[in-house]
Amino acid sequence: MHENIGFQLSRLPRLWRAVIDERLAPLGLTQTRWVTLYHLWRLGDGQPQCDLARAIGVEAPSLVRTLDQLSDQGLVERRPCEQDRRTKRVFLTPAATPLLERIDDVVREARNEMLAGLDREEIATLAQLLSRIEDNGLALQSRGDATVED
């Protein structure tokens, strides 16, 4: 039974994103674009590019390409940081708001459907268990135990 948990945990995020991607495709949004917009919206305007990349889990050069595309669409703008001109901060434009509200609706609807059949207590327990597993993984990673030796 325990042998399949890792595979299930790795499949779920892909499945979750695929459901959302399919629903957002008519809006002309790729996964990288909607995830970037959504994270920036949740984190708040003015995020340094490097912090946004870290939060999303992508390399900075990949994020730059996505931000270029979002900027071309008029959804974000980058401004130099007043304290460190080498750093760029990312801001949502007013044009992004209605799109983000639609993304939020789609994400909420998908979440409700994916969690169908689970009551509030089960969802709370699931969240606690996932947090504990994530904490264990982060602890392993910080100790250097996450690599496999030959």
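**Exercise 1. The sheet**

Task: In this predicted model, find the bridge partner of valine 76 in strand 3. Then work out the order of the strands in the sheet.

Solution.
- Step 1. Valine 76 has leucine 92 as its bridge partner in strand 3.
- Step 2. Look for a further pair in strand 3: arginine 79 is matched with arginine 89.
- Step 3. Strand 2 and strand 3 are joined by 5 bridges and run antiparallel.
- Step 4. Turn to strand 1. Glutamine 47 stands opposite valine 90 in strand 3. Strand 1 and strand 3 share 2 bridges, again in the antiparallel sense.
- Step 5. Assemble the sheet. It is open, has 3 strands, and follows the order 1-3-2 with antiparallel pairing. Strand 1 (47–48) and strand 2 (76–80) are the edge strands, since each pairs on one side only.

**Exercise 2. Valine 76 and the core**

Task: Which residues touch the most other members of the largest nonpolar core? Which elements give two or more residues to this core?

Solution.
- Step 1. The core holds 25 residues, and Trp34, Leu37, Val76 and Ile103 touch the most other members.
- Step 2. Two or more residues come from each of these elements: helix 1 (5–24), helix 2 (31–43), helix 3 (49–56), helix 4 (60–72), strand 3 (88–92) and helix 5 (96–114).
- Step 3. Helix 5 gives the most, with 7 residues.
- Step 4. List the contacts of valine 76, leaving aside neighbours within four places in sequence. They include Leu37, Leu40, Leu67 and Leu70. Ser71, Val90, Phe91, Leu92 and Thr93 are also in contact with valine 76. One of these, leucine 92, is the bridge partner found in Exercise 1.

**Exercise 3. A buried glutamine**

Task: Is glutamine 49 buried or exposed? Which residues does glutamine 49 touch, not counting those up to four places away in sequence?

Solution.
- Step 1. Place the residue: glutamine 49 is in helix 3.
- Step 2. Its relative accessibility is 16%. The cut-off for buried is under 20%. Glutamine 49 therefore counts as buried.
- Step 3. Its contacts are Leu63, Val64, Leu67, Arg78, Lys88 and Val90. Among them, Leu67 and Val90 also contact valine 76.

**Exercise 4. Salt bridges of arginine 23**

Task: Which side chains meet arginine 23 in salt bridges? How many residues apart in sequence are the partners?

Solution.
- Step 1. The model has 8 salt bridges in its count.
- Step 2. Glutamate 109 meets arginine 23 at 3.2 Å, N to O. This pair links glutamate 109 in helix 5 with arginine 23 in helix 1, 86 residues apart.
- Step 3. Glutamate 113 meets arginine 23 at 2.8 Å, N to O. Arginine 23 lies in helix 1 and glutamate 113 in helix 5, so the pair ties together parts that are 90 residues apart in sequence.
- Step 4. Check exposure. Arginine 23 is partly exposed at 28%. Glutamate 109 is partly exposed at 41%. Glutamate 113 is partly exposed at 42%.

**Exercise 5. A salt-bridge network**

Task: Which arginine meets aspartate 104 in a salt bridge? Is aspartate 104 buried or exposed?

Solution.
- Step 1. The partner is arginine 42, at 2.7 Å, N to O.
- Step 2. Aspartate 104 is in helix 5 and arginine 42 in helix 2; the two are 62 residues apart.
- Step 3. Aspartate 104 has a relative accessibility of 12% and so counts as buried. Arginine 42 has a relative accessible area of 52% and is exposed.
- Step 4. Salt bridges with shared partners join Arg42, Asp104, Asp105 and Arg108 into one network.

**Exercise 6. The nonpolar surface patch**

Task: Which residues make the nonpolar surface patch? Which helix gives the most to this patch?

Solution.
- Step 1. The members are Ile5, Leu9, Leu118, Leu126, Leu130 and Ile133, and the patch covers about 430 Å².
- Step 2. Helix 1 and helix 6 (120–143) each supply at least two residues. Helix 6 gives the most, with 3 residues.
- Step 3. Take one member. Leucine 130 is found in helix 6. Its relative accessible area is 38%. Membership requires over 30%. Leucine 130 counts as partly exposed.
- Step 4. Compare a leucine of helix 1, leucine 15. Leucine 15 is partly exposed, at 46%. From leucine 15 to glutamate 3 the distance is 20 Å, C-alpha to C-alpha, and the two are 12 residues apart in sequence.

Note on methods: Residues are numbered from 1 along each chain as its sequence is written. This is a predicted model: local features need pLDDT of at least 70, side-chain atom pairs count only at pLDDT 80 or more; totals for chains, interfaces and linings use all residues. Side-chain values use heavy atoms; hydrogens and water are left out. A nonpolar core is a set of buried Ala, Val, Leu, Ile, Met, Phe, Trp, Tyr and Cys residues joined through side-chain atoms within 4.5 Å. Buried means under 20% relative accessible area, exposed over 50%, partly exposed in between (1.4 Å probe, protein chains only). Helices (H or I, at least four residues) and strands (E, at least two) are DSSP runs, numbered from the N terminus. Contact means heavy atoms within 4.5 Å. Patches are made of residues with over 30% relative accessible area and no salt bridge: like charges are joined within 9 Å, nonpolar side chains (Val, Leu, Ile, Met, Phe, Trp, Tyr) within 5 Å. Accessible areas come from the Shrake-Rupley method with a 1.4 Å probe; for residues, only the protein chains shown count as cover. A salt bridge is a side-chain nitrogen of Lys or Arg within 4 Å of a carboxyl oxygen of Asp or Glu. Two strands pair if DSSP finds at least two bridges between them.
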